[in-house]
Amino acid sequence: MTIRDDLAALIRNAAEAAMADGALPQVPVPEIVVENPSRPEHGDYATNLPMRLARAARANPLDIAKAIAERIPAEGMLSASEPAPPGFVNFRLDTKWLAEQVAAIKQSGDAFGNLTIGAGKRVQVEFVSANPTGPLTAGNGRGAAIGSVLASVLQAAGYDVQREYLVNDAGTQTEVFGRTLVARYLQLAGKSVEIPADGYPGEYMIDVAKRIRDESTRERADAYANATIEEPPREMVLRGVDIMVEMIRDDIGKLGVEYDAWFRERSLYETNDGTSLYETALQKLRDQHYLVEKEGALWFASSELGEDKDNVVIRSTGKQTYFASDIAYHYEKFLARKFDRVINVWGADHQGHVSRLKTAVQALGVDPSRLEILIYQLVSFRRGEEVVRLSKRSGNIVLMRDIVDEVGRDAARFFFLSRSADSQMEFDLELAKKQSSENPVYYVQYAHARIAGIIANAAERSFSAEGADVSLLAHPAEQALIRKMLQLPELIQLMAERSEPHHLPHYAQELANAFHIFYTECRVLDEEDKSVSAARLALCEAARVALARALSLMGMSAPVKM
RNA sequence: GCGCUUGUAGCUCAGUGGAUAGAGCGCUACCCUGCGGAGGUAGAGGCCGUGGGUUCGAGUCCCGCCAAGCGCGCCA
């Protein structure tokens, strides 16, 4: 339970008590909104419930506010609950109670901020899932940051989270990849062949071909040397995809991302007990009469379910489309693995696919609200004035690993994360490279290093937070820092509920700022006053816990020295 | 043309229908006899794209318009 939840319960009880007393007419109580007022004189929390009740209750909002405020005693965590015009009830947290939270935060340690709202429900976050046909591009970095941090946040909120990468190893792009691979292989063998016009011209394909050549037995190498571009050997393609997956794993590992599962699209077509997931899923649609044949192809009749058009599932060539794979894949997610909630993190270029997939999921008998597709707008990159075009075909491609090598993992993550998924972001590599003190990453990490420095210094000089009287922490800067720390659990709740991890970097900056102000205003280690020193040292330890947690949720390091 | 997203300070961006719209960077002026100055304080800088509407109350919700990005394939 967060402070906000506790308050909401108090407010609801008070409103109901007022109705029971006859102080207010009996009307339905809407959902309680507890907000953080922007002005400090309005307290720490406020509710607008009186204004929301005014119409139904046919009463003056301020009178309602009085009736509610009277029934919420200023005790425990609250030092005040007061009505305010035009119809708010403002709440103030108690100084002493706040001070006591320092001990609680310290004790929570790595678990600080953890919630139980997820109730152990199983949620899958699938992100990046770029085709295994080349290295990850800089743009994939945004999906990686959003997906991995969202997963961490959900975990903190009490969900049972699985991070997944879908390896598209069964579609048209894989075929193109296979043809390119054969071409490169044959070139290595001295044959004069061209890589296909629609193939992947990158040099990495030569390395993949070399590696396959070098690790092959003579027998197999001979067979490969006689392969044709039209019919790439299955083993060679599979091995090529494996090598690409390894490379992708390395790339994304540079950003500090690890997955729980790498799901192979191909596995949807493997038969188990005589039938594949793909066949089962399509049969289910067929049974519902959602599959229709026309123009020689098989279509999903999504227009019957409100879509503006139907979509092809099996081409007239007999080959399934990516959409068919995706239907089977989501059948697998919901009906085989039985995730309660599935979140797919996609780039804006996949937007057009959202609606029909949700429709398909619905047709499979799954409540589409269990599938959330988080679209992030594309990132544009520039080096100073020069705009960098991103395309797998152009030579001027920026790779994810280049970004990480240039600006560092922590900065890359922080940058990618700090804008809402809905807004386009501009990443100036020039600026990111030369960043020093203007980089907010350092501001936040510096705060952590500073705290660590004080704590180390304290140990050397025999200061201890042991048995500290935290009730001494009444200075406004101390109280502000504690307030800020206590916002982390509520922020985790917000981010988990709305799938908005971008609040974390902003919060981390605010927390760091609160610490820097405290540091400037309050001397921690003072030989003249050991008891205040002990209390402030305890506060530092709590601040370190909170800051380290925020950083670790973002997948960033919490340096002790800089 | 249709769909999705966006438009907030010079720049990059926050902003759960609430009370006087914020941060960082940049700019101006300050603060070091003390624990890490990669810090702190103060200031300038806003018709929240635009026109309507809903509401006690709109940057936030709805509609139109303008502008930008992405998509609209039997690619993924």
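Domain bounds here come from an automatic or database domain assignment. Keep that in mind as you colour this predicted model.

**The whole chain.** Start with all of chain A in view. Its C-alpha atoms fill a box of roughly 85 × 60 × 50 Å along the principal axes. Switch to cartoon and you'll be looking at 19 helices and 15 strands. Of the 562 residues, 52% count as buried. Take the contacts in chain A with a separation of 6 or more: 72% of them link residues 24 or more positions apart.

**The domains.** Now give each domain a colour. Select 3-93 for domain 1, and 98-117 plus 438-553 for domain 2. Domain 3 takes 122-168 together with 257-376, and domain 4 is 172-254. Next, show just domain 2 and domain 4: their centres, taken over C-alpha atoms, are 53 Å apart.

**A pair of helices.** Select residues 95-108, which is helix 4, and residues 530-553, which is helix 19. How do their axes cross? They come within 8 Å of each other, at roughly 50°. That angle lies outside the ranges for parallel, antiparallel and perpendicular, so helix 4 and helix 19 are oblique to each other. The crossing is left-handed.

**The contact itself.** Turn on side chains to see who takes part. From helix 4, pick Val102, Ile105 and Lys106. From helix 19, pick Ala538, Leu539, Glu541, Ala542 and Val545. Which kinds of residue make up this contact? Six are nonpolar, two are charged and none is polar.

Technical notes:
Residues are numbered from 1 along each chain as its sequence is written. Chains are lettered from A and ligands numbered from 1 in the order in which they are written. This is a predicted model: local features need pLDDT of at least 70, side-chain atom pairs count only at pLDDT 80 or more; totals for chains, interfaces and linings use all residues. Side-chain values use heavy atoms; hydrogens and water are left out. Axes are lines fitted to C-alpha atoms, for helices over the stretch in contact, and angles run from 0 to 180 degrees between N-to-C directions. Helices (H or I, at least four residues) and strands (E, at least two) are DSSP runs, numbered from the N terminus. Angles under 35 degrees count as roughly parallel, over 145 as roughly antiparallel, 65 to 115 as roughly perpendicular and the rest as oblique. A crossing is left-handed if the near helix is turned anticlockwise from the far one by less than a right angle, and right-handed if clockwise. Contact means heavy atoms within 4.5 Å. Ala, Val, Leu, Ile, Met, Phe, Trp, Tyr, Cys and Pro count as nonpolar, Asp, Glu, Lys and Arg as charged, and the others, Gly among them, as polar. Buried means under 20% relative accessible area, exposed over 50%, partly exposed in between (1.4 Å probe, protein chains only).
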